[in-house]
Amino acid sequence: MEMITGSAAFIAAAPSISPSDRHSTTSSTATALGDSSSSISSSITDYASYPLIRRNDRTYFRDPENAYPLPCDFAEIHRQTLRSLMLFRVFGGPFCATNLVDNPPKRVLELACGSGLWSNVCHDFFARRGHPDISFTGIDILPLAPDLRKQGMDWQFKRLDLRKYRRLPFPDESFDFVFIKDTGMCADSPAQQAGALTEPLRVLKRGGTLEIWDSDLVFRSLLPNPAPARKLVSRDQEIADATATYTFSPATPFTKAQNKYLQDYNSWVQSAFDRRGLSVLPCATIGMSFTSQLDAFESFDCRRIAIPLGDIRWEKDGQNKDSSGRSHRTLAAEQSAIRHTTLLTVIQMIEGMEPILMEASGKSADEWERWWAAMTADLLQKGGPASGECLEVGAWWGKKK
């Protein structure tokens, strides 16, 4: 499967955030989403039709029993767009299940599809290989996705609040490929409940593929010179070397985040999620979800990747080398862009969770603003955390028996 590199320019152009422009980082999203951006923007501010509330200049779900910590507004679409482009690059494509490359699916379901970006990229991936007629279905609580039929896709969207309707509105074995991305903060998702694969597996055909992408919500630091994950195929190592990222396994050594502001965030998000009965380690839950359904899969696999949030001191000192023995002393432009984009999406995520983090921290609005200004100055103006702090992302996929 070829690596996606076309997103590099978009990633490199990702805007920076400063304390003075915290809520104005959405301008480039219109380009990414096309002419449908205005209709998307109006739909997510339709407070009469959807259970939304305005808070701190952001739009959130107002349901107190099933509160989703992140906003659902144009700024969050922007963050998710940058995050998705970054993930496509570090994973080498829109999916990791290599069996799909030579055996393309006929019907694809994307759960929690958001703006529909993943479906769009996946369609283009297969269309370039002579398979433009694959059917895509997206499902989500809000109609954020544009009408992708206007771009030549076989596409349909179904609006459904899976917090209230636990059964997917499809017959058994309806799809050849089911994809789920970034549902780690959704209480009823496989990222939070180990038994939540039942419905995705029900609608998946025998021989079909289920794939899930997500990341943990607290940050750790890589220790110098981490060994690659065992059983790493050469292509995966090539991607890791090209993107200056690190593959890891449960045996890979980490330590606590050393950056003061990420330590603060870790403490507050842990407290906030504990109060809501959510795990800050959704990747562990996804792994358990697949393991608990082991009998349903002919085979399953995973990839875990650590993306540093800045230039690491021990890389600069030449203590770390890639698989070819080359030091990561100097990062290429795209490698720096990937790290900068990852850091930017992390800062935007912290901004989006401001209400629950303020509550957990006990800070007043003025105290929070001072902390925010100091945090962004430290992380952005100094080139990011330098002690190996990283975003840990993962992909899990399995072929149904």
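Where is Ala244 found? I looked: Ala244 is in the loop between α8 (234-243) and β9 (246-247). I note up front that this is a predicted model.

**Entry: positive phi**

I checked backbone angles, as most residues other than glycine have a negative phi. Ala244 goes against that habit, with a positive phi near 55°. I then looked up its exposure. Ala244 counts as buried, at 0% relative accessibility.

Glu173 came up next. Its phi is positive as well, about 55°, and Glu173 is not a glycine. I traced Glu173 to the loop between β5 (154-159) and β6 (175-181). Is Glu173 buried or exposed? Neither label fits: Glu173 has a relative accessible area of 33%, so I logged it as partly exposed.

**Entry: the β1 and β2 hairpin**

I followed the hairpin of β1 and β2. Strand β1 covers residues 52-55 and strand β2 covers residues 58-61. How do the two strands pair, and over how many bridges? They run in the antiparallel sense, with four bridges. I picked out one bridge: Arg55 has Arg58 in β2 as its partner. Two residues lie between the strands. Asn56 in this hairpin takes a positive phi near 50°.

**Entry: cysteines**

I searched the whole structure for disulfides. The count is zero. I still looked up the exposure of two cysteines. Cys72 has a relative accessible area of 8%, under the 20% cut-off, and is therefore buried. Cys186 has 27% relative accessibility, which lies between 20% and 50%, so I logged Cys186 as partly exposed.

**Entry: nonpolar cores**

In soluble globular proteins, nonpolar side chains tend to be buried together. I went looking for such groups here. The largest nonpolar core holds 67 residues. Which residues have the most contacts inside it? I wrote down Tyr265, Phe273, Met353 and Leu357. Helix α9 (residues 260-275) gives the most to this core, with seven residues.

I took a further look at Leu357. Leaving aside residues up to four places away in sequence, Leu357 touches Tyr265, Trp268 and Val269. Leu357 also touches Ile350 and Trp368.

There is a second core, separate from that one, with 21 residues. Its members include Phe175, Ala191, Val203 and Ile212.

**Entry: for the page margin**

I set the two positive-phi loop residues side by side. Ala244 is buried, whereas Glu173 is partly exposed. For the cysteines, I underlined zero disulfides.

Definitions and conventions: Residues numbered from 1 in each chain as written. Predicted model: local features only at pLDDT ≥ 70, side-chain atom pairs only at ≥ 80, totals over all residues. Heavy atoms only, no water. Disulfide = S-S within 2.5 Å. Buried < 20%, exposed > 50% of the residue type's maximum accessible area, 1.4 Å probe, protein only. Pairing = 2+ DSSP bridges. Core = buried A, V, L, I, M, F, W, Y, C linked by side-chain atoms within 4.5 Å. Contact = heavy atoms within 4.5 Å.
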